[in-house]
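Okay, thanks for making time, everyone. I'll put the model up and then walk through a few spots in it.

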Amino acid sequence: MDSPWDELTLAFSRTSMFPFFDIAHYLVSVMALKRQPGAAAVAWKNPLSSWFTAMLHCFGGGILSCVLLAEPPLRFLANNTNILLASSIWYITFYCPCDLVSQGYSFLPVQLLAAGMKEVTRTWKIVGGVTHANSYYKNGWIVMIAIGWARGAGGSIITNFEQLVKGGWKPEADEWLKMSYPAKVTLLGSVIFTFQHTKHLAVSRHNLMFLYTMFLVATKITMMITETATVPFAPFEDTLSRMLFGWQQQFSSCEKKSETKSSFNGTGSSTSKPIGVASDTVKKKHTKKTE
């Protein structure tokens, strides 16, 4: 007989993302698009371009994973139900009278609920990406991690490509050069679920899904309430970077200290010489006076 904990985590892992969690994901993605400068004007001037951009935000992870696995990138269009659902969210977000959707979404409890539900879908996407990659490359760690990462956080990378096509891409905002919190936490989850899938992590999948999802939801809600963009595991990143990649900086700093010490000793010896010469002249003058 399973314990109540196992029953809870097993029931959680079997939760369907359709329709409520998918709606939250589409709503958060489309609202992020609408808050971009000029997005509302583009929706009125060119609705087709706005709709296509919204679909990239909603299904970018699936598109990127298909590209990496040499599958048809437009495979997401085969799911008519999700396309209609995401298109409905896009339409009411941009064209609702009196902008009621944006006004309702402006309340903090609504944003917290939608963001938390979106983080739940992130776990399901990572697990789906790792499992799907394993069907192509058995126990291929790097491929499984890459596909799980792309499925969970590929939307931001795809949207960078969309901004490049539109001419609004900025190198300093590129996801590869400056990883955001969702990209980092998705990469961490992809590594963890890959180890679990290859039996190198002795934890059941449903327990790991529950714990990882609770971590995602708790950190996301905390960051939104405190209005901070600091990554929770930033101190661990600094420690690991110093341990693994900071040796050259430590050696260079030691060399600089030794150089400064040697230069200081050199100046000290040079200054001691005039003092000695001055003392000799004073002695000579004193001897002349006595004579």
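Before the first spot, a bit of vocabulary: we call a crossing right-handed when the near helix is turned clockwise from the far one by less than a right angle, and left-handed when anticlockwise. And keep in mind that what you're looking at is a predicted model.

So, with that word in hand: helix 7 goes past helix 10 in a right-handed crossing. Helix 7 is residues 108–136 and helix 10 is residues 205–226. Their axes sit 9 Å apart, and the packing angle is about 145°. Who makes the contact? From helix 7 you get, among them, Leu112, Ala115, Gly116, Glu119, Arg122 and Ile126. From helix 10, the list includes Met209, Tyr212, Leu216, Val217 and Lys220. Sorted by class, that contact has 13 nonpolar, five polar and four charged residues.

Let's stay with one of the charged ones. Is Glu119 of helix 7 buried or exposed? Glu119 has a relative accessible area of 3%, and the cut-off for buried is under 20%, so Glu119 is buried. What does its side chain pair with? There's a polar contact to the side chain of Arg122, at 3.0 Å. Leaving out residues up to four places away in sequence, Glu119 touches Leu216, Val217 and Lys220.

Okay, on to the cores. In soluble globular proteins, nonpolar side chains tend to be buried together. Here, the largest nonpolar core has 28 residues, and the ones with the most contacts inside it are Tyr26, Met55, Phe59 and Phe94. Helix 2 (20–34), helix 4 (47–68), helix 5 (80–95), helix 6 (100–105) and helix 8 (141–166) each give it two or more residues. There's also a second, separate core of 25 residues, which includes Met17, Leu69, Ile126 and Phe233.

Click on Tyr26 for a second. Again skipping residues up to four places away in sequence, Tyr26 touches Cys58, Phe59, Asn82, Leu85, Ala86 and Ile89.

Last stop is Leu33, which lies in helix 2. Leu33 has 5% relative accessibility, and buried means under 20%, so Leu33 counts as buried. What's around it? With the usual four-place exclusion, Leu33 touches Ala39, Ser50, Thr53, Ala54, His57 and Phe94. Take the pair with Ala54: Leu33 and Ala54 are 21 residues apart in sequence, and 6.9 Å apart in space, C-alpha to C-alpha.

That's my tour; over to you for questions.

Notes
Residues are numbered from 1 along each chain as its sequence is written. This is a predicted model: local features need pLDDT of at least 70, side-chain atom pairs count only at pLDDT 80 or more; totals for chains, interfaces and linings use all residues. Side-chain values use heavy atoms; hydrogens and water are left out. Axes are lines fitted to C-alpha atoms, for helices over the stretch in contact, and angles run from 0 to 180 degrees between N-to-C directions. Helices (H or I, at least four residues) and strands (E, at least two) are DSSP runs, numbered from the N terminus. Contact means heavy atoms within 4.5 Å. Ala, Val, Leu, Ile, Met, Phe, Trp, Tyr, Cys and Pro count as nonpolar, Asp, Glu, Lys and Arg as charged, and the others, Gly among them, as polar. A nonpolar core is a set of buried Ala, Val, Leu, Ile, Met, Phe, Trp, Tyr and Cys residues joined through side-chain atoms within 4.5 Å. Buried means under 20% relative accessible area, exposed over 50%, partly exposed in between (1.4 Å probe, protein chains only). A polar contact is a pair of N or O atoms within 3.5 Å; within protein, one must be able to donate a hydrogen and the other to accept it, and residues adjacent in sequence count only if both atoms are side-chain atoms.
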